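I set out to look up the overall make-up of this structure, its metal site and the strands around that site. My entries follow in the order in which I worked.

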Amino acid sequence: GKHWGYGKDDGPSIWHQNFPVAEGDRQSPIDIMPQQASHDPNLGPIVLNYDHCTSLNICNNGHSVVVEFDDTDDRSVILGGPLDNPYRLKQFHFHWGGKGCHGSEHTVEGNSYASELHLVHWNAVKYRSFGEAASAPDGLAVLGIFLETGDDHRWLHTITDALYMVKYKASVTDFKGFNPKCLLPSSLHYWTYLGSLTTPPLHESVTWIVLKEPIAVSERQASFECSCSLGRKRIRGYAWKITSGPPSLSKAGKYAPPIN
Ligand SMILES: CCN[C@H]1CN(CCOC)S(=O)(=O)c2sc(S(N)(=O)=O)cc21
Ligand SMILES: [Zn+2]
């Protein structure tokens with residue numbers, strides 16, 4: 001595909017030249033304003049069935065480090081919340097910052113986090129392939145989890161260790177038996193909105209589900225990841241420009257507890 005990056009000459013401010021959808025009306029990331037999110041009582045909890053998930057490998061596509069999963073059946077899916085059917089886990093990846101290490105893409109009231117983890121799922125009920133789903137308006141569901149610096153994250157080490165193997169572009173290495181459930185915070189309260197991929201091709205195909213509670217990683221883990229971070233975040237002028245108000249988020253932070 002067409003070249004793009006995060007530099008002065010190939011960064012987010014010129015992506016629209018090769019990817020005109022960058023000027024679309026459901027572009028991500030956005031600045032999340034919790035007070036402006038409306039609670040939607042019809043939104044139930046999200047459910048993550050990752051118990052029989054099958055991670056395959058970890059690879060570095062020159063923009064981020066990606067852990068890929070076997071998505072040939074419904075072994076690992078996300079369902080519930082705003083989703084009409086289960087979506088299959090395809091890959092997860094991180095967005096680390098540069099030196100400043102504030103690399104999250106979404107922000108909350110203008111504040112960014114050290115990093116942001118994206119678990120990418122696709123609608124295999126409606127679409128025959130991931131590629132087809134990736135450009136359909138209800139094709140993808142991405143679960144976003146903020147990372148903040150704090151205690152050492154015991155499971156992140158396994159990713160950090162594997163990262164050594166794929167530090168340079170276009171390298172892939174086996175990465176089996178990793179269950180991303182170990183990367184989840186204790187609460188699954190979330191915000192959700194209809195948005196896009198945050199990197200080219202910027203398809204407006206993502207139902208975003210962003211968890212309110214961040215997970216903690218140590219300074220050392222964050223600095224290691226930042227030192228070999230491959231991509232910086234997409235700062236979009238209009239993510240901040242409040243025209244007709246930011247895309248409405250229907251916060252489901254307080255969905256009704258199950259009736260027992
Ligand atoms: C570096 C390229 N990143 C993208 C590659 N893919 C897009 C199209 O592929 C057929 S993708 O669907 O795997 C995703 S999800 C995603 S984000 N940051 O919004 O979660 C970016 C991309
Ligand atoms: Zn991402």
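**Entry 1. Histidine 95 and the metal site.** I began with histidine 95, which has a relative accessible area of 6% and is therefore buried, the limit being under 20%. I note at the outset that the model is predicted. Histidine 93 I also record as buried, because its relative accessibility is 11%. I then asked which residues are the protein donors of the zinc ion (ligand 2). They are His93 and His95, each through NE2, and His118 through ND1, at 1.9 to 2.1 Å from the zinc ion. I wrote the sequence spacing of these donor residues as H-x1-H-x22-H.

**Entry 2. Geometry at the zinc ion.** I checked what arrangement the four donor atoms around the zinc ion (ligand 2) adopt. Their angles run from 99 to 115 degrees, so I entered the arrangement as tetrahedral. For reference, I noted that the ideal angle for four tetrahedral donors is 109.5 degrees.

**Entry 3. Strand β7.** I next looked at β7, which spans residues 87-96. Of its 10 residues, nine are buried. I traced its pairing with three strands, beginning with β5 (residues 65-69), which runs antiparallel to β7 and is joined to it by three bridges. Here I found phenylalanine 92 of β7 opposite valine 67. With β6 (residues 77-80), β7 shares two bridges, again in the antiparallel sense. Tyrosine 87 in β7 is the bridge partner of isoleucine 78. I recorded β6 and β7 as a hairpin with six residues between the strands, and noted a positive phi of about 55 degrees at glycine 81 in the turn. With β9 (residues 115-122), I counted eight bridges to β7, the two strands being antiparallel. Valine 120 in β9 stands opposite glutamine 91, and serine 115 in β9 is the bridge partner of tryptophan 96.

**Entry 4. Strand β9.** I asked how many of the eight residues of β9 are buried. The count is eight of eight. I sorted the residues by direction: Ser115, Leu117, Leu119 and His121 point one way, whereas Glu116, His118, Val120 and Trp122 point the other way. I set beside this the general rule that side chains in a regular strand alternate between the two faces of the sheet. I also found β9 joined to β10 (residues 140-149) by eight bridges in an antiparallel arrangement. Serine 115 has leucine 147 as its bridge partner in β10.

**Entry 5. Two loop residues.** I located glycine 103 in the loop between β7 and β8 (107-108). Its relative accessible area is 0%, so I list glycine 103 as buried. Tyrosine 113 is 10 residues from glycine 103 in sequence, and their C-alpha atoms are 6.5 Å apart. I then turned to serine 196, in the loop between β12 (190-195) and β13 (206-211). Serine 196 is likewise buried, because its relative accessible area is 0%. A polar atom of the serine 196 side chain lies 2.8 Å from the backbone nitrogen of serine 28.

**Entry 6. The whole protein.** I closed with totals. I recorded five helices and 15 strands. Of the 260 residues, 52% are buried. Among contacts with a separation of 6 or more, 71% are between residues 24 or more positions apart. I entered the accessible surface as about 12,200 Å², with 54% of it belonging to carbon and sulfur atoms.

Technical notes:
Residues are numbered from 1 along each chain as its sequence is written. Chains are lettered from A and ligands numbered from 1 in the order in which they are written. This is a predicted model: local features need pLDDT of at least 70, side-chain atom pairs count only at pLDDT 80 or more; totals for chains, interfaces and linings use all residues. Side-chain values use heavy atoms; hydrogens and water are left out. Helices (H or I, at least four residues) and strands (E, at least two) are DSSP runs, numbered from the N terminus. Buried means under 20% relative accessible area, exposed over 50%, partly exposed in between (1.4 Å probe, protein chains only). A polar contact is a pair of N or O atoms within 3.5 Å; within protein, one must be able to donate a hydrogen and the other to accept it, and residues adjacent in sequence count only if both atoms are side-chain atoms. Donors are N, O and S atoms within 2.8 Å of the metal (3.2 Å for Na, K and Ca); water is not among the atoms, so sites may look incomplete. Four donors count as tetrahedral if all angles lie between 85 and 135 degrees; four count as square planar and six as octahedral if opposite donors are over 155 degrees apart and all others between 65 and 115; anything else is irregular. Two strands pair if DSSP finds at least two bridges between them. Contact means heavy atoms within 4.5 Å. Accessible areas come from the Shrake-Rupley method with a 1.4 Å probe; for residues, only the protein chains shown count as cover.
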